[in-house]
Amino acid sequence: KQWYQRRVRVPITVRQLESIVRIAESLTKMRLQPFTTDADVEESLRLFQVSTLESAMSGSLSGVEGLTALEDQEEVRKVEKQLKQRFPIGSQVSESRIIQDFTKQRFTERSVKTVLNIMIRRGELQHRMQRKVVLRVK
């Protein structure tokens with residue numbers, strides 16, 4: 001219990017935890033071993049910390065879902081809310097027009113593109129016509 005209390009706690013998403021497991025499994029396969037060892041897990045944690053956490057702390061991962069600055073998160077929420085209000089399900093709109101319209105309203109292009117990417121990953125939007133047009137499906 002004392003050991004556990006001394007450990008530094010780091011917030012982590014399920015997706016990030018799954019990545020750590022995959023890295024440990026990959027290290028095991030690279031060694032051509034049938035089982036993952038503590039050393040594999042420790043190395044995967046080290047790699048994760050070096051690649052992800054340090055970048056997140058320095059702010060270089062802003063724009064990545066779950067790792068955006070608080071101000072950016074609020075802007076992303078506002079853009080998503082307006083986008084859903086302005087474009088009903090079934091509507092098709094040029095992606096460049098969406099970006100232009102929202103930048104005229106003083107939203108950053110990065111926030112608009114972040115919202116479009118998030119909604120595409122959720123299955124709420126789909127690209128059409130060689131990624132020039134966006135179709136709202138949900």
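## A helical protein with exposed loops and a nonpolar core

Met 129 counts as exposed, at 60% relative accessibility. The model shown here is predicted. In this model, Met 129 sits in the loop between β2 (125-128) and β3 (133-136). The phi angle of Met 129 is positive, near 50°, and the residue is not a glycine.

Another loop residue also has a positive phi. Leu 32 is a residue other than glycine, and its phi is near 60°. Leu 32 belongs to the loop between α2 (14-30) and α3 (38-58). Its relative accessible area is 75%, so Leu 32 is exposed.

**The overall plan**

The protein contains six helices and three strands. Along the sequence they run α-α-α-α-β-α-α-β-β. There are 138 residues, and 29% of them count as buried. Now take the contacts with a separation of 6 or more. Of these, 50% join residues 24 or more positions apart.

**Where α5 meets α6**

Helix α5 covers residues 95-104, and helix α6 covers residues 109-122. Their axes come within 9 Å and cross at roughly 135°. That angle makes α5 oblique to α6. The crossing is right-handed.

Which residues of α5 and α6 meet? From α5 come Glu 95, Ile 98, Ile 99, Phe 102 and Thr 103. From α6 come Glu 109, Val 112, Lys 113 and Leu 116. The residues of this contact divide into five nonpolar, one polar and three charged.

**The core**

The largest nonpolar core has 16 residues. Leu 83, Ile 98, Phe 102, Val 112 and Leu 116 have the most contacts inside it. The elements giving two or more residues to this core are α4 (70-86), α5 and α6. Helix α6 gives the most, with five residues. In soluble globular proteins, nonpolar side chains tend to be buried together.

Three of these core residues deserve a closer look. The contacts below leave out residues up to four places away in sequence.

Phe 102 touches Val 79, Gln 82, Leu 83, Arg 86, Phe 87, Phe 107 and Val 112.

Val 112 lies in helix α6. Is Val 112 buried or exposed? At 1% relative accessibility, Val 112 counts as buried. Val 112 touches Val 79, Ile 98, Ile 99, Phe 102 and Phe 107. Along the chain, Val 112 and Glu 95 are 17 residues apart. Their C-alpha atoms are separated by 9.8 Å.

Leu 116 is also in helix α6. Its relative accessible area is 3%, so Leu 116 is buried. Leu 116 is in contact with Leu 83, Glu 95, Ile 98, Ile 99 and Leu 125. Leu 116 and Gln 126 are ten residues apart in sequence. In space they are 9.4 Å apart, C-alpha to C-alpha.

**Four residues side by side**

| Residue | Place | Relative accessible area and state |
|---|---|---|
| Leu 32 | loop between α2 and α3 | 75%, exposed |
| Met 129 | loop between β2 and β3 | 60%, exposed |
| Leu 116 | helix α6 | 3%, buried |
| Val 112 | helix α6 | 1%, buried |

The table sets loop residues beside helix residues. Leu 32 and Met 129 count as exposed because each passes the 50% mark. Leu 116 and Val 112 count as buried because each is under 20%.

How values were computed: Residues are numbered from 1 along each chain as its sequence is written. This is a predicted model: local features need pLDDT of at least 70, side-chain atom pairs count only at pLDDT 80 or more; totals for chains, interfaces and linings use all residues. Side-chain values use heavy atoms; hydrogens and water are left out. Axes are lines fitted to C-alpha atoms, for helices over the stretch in contact, and angles run from 0 to 180 degrees between N-to-C directions. Helices (H or I, at least four residues) and strands (E, at least two) are DSSP runs, numbered from the N terminus. Angles under 35 degrees count as roughly parallel, over 145 as roughly antiparallel, 65 to 115 as roughly perpendicular and the rest as oblique. A crossing is left-handed if the near helix is turned anticlockwise from the far one by less than a right angle, and right-handed if clockwise. Contact means heavy atoms within 4.5 Å. Ala, Val, Leu, Ile, Met, Phe, Trp, Tyr, Cys and Pro count as nonpolar, Asp, Glu, Lys and Arg as charged, and the others, Gly among them, as polar. A nonpolar core is a set of buried Ala, Val, Leu, Ile, Met, Phe, Trp, Tyr and Cys residues joined through side-chain atoms within 4.5 Å. Buried means under 20% relative accessible area, exposed over 50%, partly exposed in between (1.4 Å probe, protein chains only).
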